[in-house]
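Q: I am new to this one and would like a close look at a single part: the helix packing. Please take me through it pair by pair.

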Amino acid sequence: MEAAETIQSIRSLIKAARDSGKIIGLVPTMGALHVGHISLIEAARKKCDYVVVSIFVNPTQFVPGEDFEKYPRPFENDLDICQKAGVDAVFAPSPEQMYPVENITWVNVKKITEPLCGQFRPGHFQGVTTICTKLFNIVAPDFAFFGQKDAQQAIVIRRMSADLNMPLEVVICPTVRESNGLAVSSRNKYLSEQQKKDAANIYKSLQKCQQMIDSGVKNTSEIIDEMRKILQQVPSIEIEYISIVDADTLQNIEHFTGKVLTAVAVRIGPARLIDNILLDTRE
Ligand code: AMP
């Protein structure tokens, strides 16, 4: 496995791979790698001949007051995980490498960045879309792999790449969960054992949604009320939002129909956690 810290060095690795006819896959990450990231690497290995993992804690997607400084950066361990997972190249640039001068050029996706997390993290998606565009321009992958766990991010990136005719395919991979249902996340490291147990109610609330849909309930406010009750069973959970939206437009819907995303964001102690399920009620 190769490790590149500069744009020039990752580009020359990619050029060599491309010259030998290889299909390139990119898995963008912020490091602190876990089984969720490994599942993306595995998906990339199935589809591609040369898998690049980027590790970059992107400052422009953190809103002031968020956890940019204390975000975990276990770099040696990440390299080890990548090596064992069969990654071909790790691209781990410094902030100066990615933003050598003040950044005044941004990629902005409208409308679908406004609801859900967009309301609570102003500027976050602009940072995400801009860094992903930069990574796509540097690595020029055929496929880029994202997790369903960050559903809005995946939908925004897919839409951005379609709207801007980016020559790659965005692949969205299923959410990997702990045995209690908690979605695996680098931010779970902020949680105590008790808080991890408490956080299981996030997925329980999503399962409740699934059960209600399966039993024929269509009214979204009825479902949201039941989900809220499950989250409120745990005093340490502070609900940010529970939303049931159209999976393409991300607009709230009153009646459950078509392709629907049910998404939850909460705070537990020091962590902000998100999770979601995608349901397709089309006949
Ligand atoms: P991050 O390092 O948290 O920015 O995540 C990098 C990528 O891994 C994103 O596309 C995430 O959606 C994805 N990811 C994070 N956690 C999970 C998970 N539990 N299951 C699947 N994908 C995940």
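A: Here is a tour of three helix pairs. The model is a predicted one, in which local features need pLDDT of at least 70, side-chain atom pairs count only at pLDDT 80 or more, and totals for chains, interfaces and linings use all residues. Residues are numbered from 1 along each chain as its sequence is written, and side-chain values use heavy atoms, leaving out hydrogens and water.

Two packed helices are described by the angle between their axes and the distance between the axes.

Let us begin with α1, which spans residues 7–19. (Helices, H or I of at least four residues, and strands, E of at least two, are DSSP runs numbered from the N terminus.) The axis of α1 lies 9 Å from that of α6, and the two helices pack at an angle of about 50°. (Axes are lines fitted to C-alpha atoms, for helices over the stretch in contact, with angles from 0 to 180 degrees between N-to-C directions.) That angle makes α1 oblique to α6; under 35 degrees would be roughly parallel, over 145 roughly antiparallel, 65 to 115 roughly perpendicular, and the rest is oblique. From α1, the residues in contact (heavy atoms within 4.5 Å) are Ile7, Ile10, Arg11 and Ile14, while α6 brings Asn137, Ile138 and Val139. By class, this contact has 5 nonpolar residues, 1 polar and 1 charged. (Ala, Val, Leu, Ile, Met, Phe, Trp, Tyr, Cys and Pro are nonpolar, Asp, Glu, Lys and Arg charged, the others, Gly among them, polar.)

Now follow α6, residues 124–139, to its contact with α7, residues 151–163. Their axes are 10 Å apart and the packing angle is about 50°, which means that α6 and α7 are oblique to each other. The crossing of α6 past α7 is right-handed: the near helix is turned clockwise from the far one by less than a right angle, anticlockwise being left-handed. Phe125, Val128, Thr129, Cys132, Thr133 and Phe136 of α6 face Gln152, Gln153, Val156, Ile157 and Met160 of α7 in this contact. Here the classes are 7 nonpolar, 4 polar and no charged residues.

Last come α8 (residues 193–214) and α9 (residues 220–232), whose axes come within 9 Å and cross at roughly 150°. These two helices are therefore roughly antiparallel, and α8 passes α9 in a right-handed crossing. On the α8 side, the contact includes Asn201, Ile202, Lys204, Ser205 and Leu206, and on the α9 side Glu222, Ile223, Glu226 and Met227 are among the partners. Its classes are 9 nonpolar, 2 polar and 4 charged residues.
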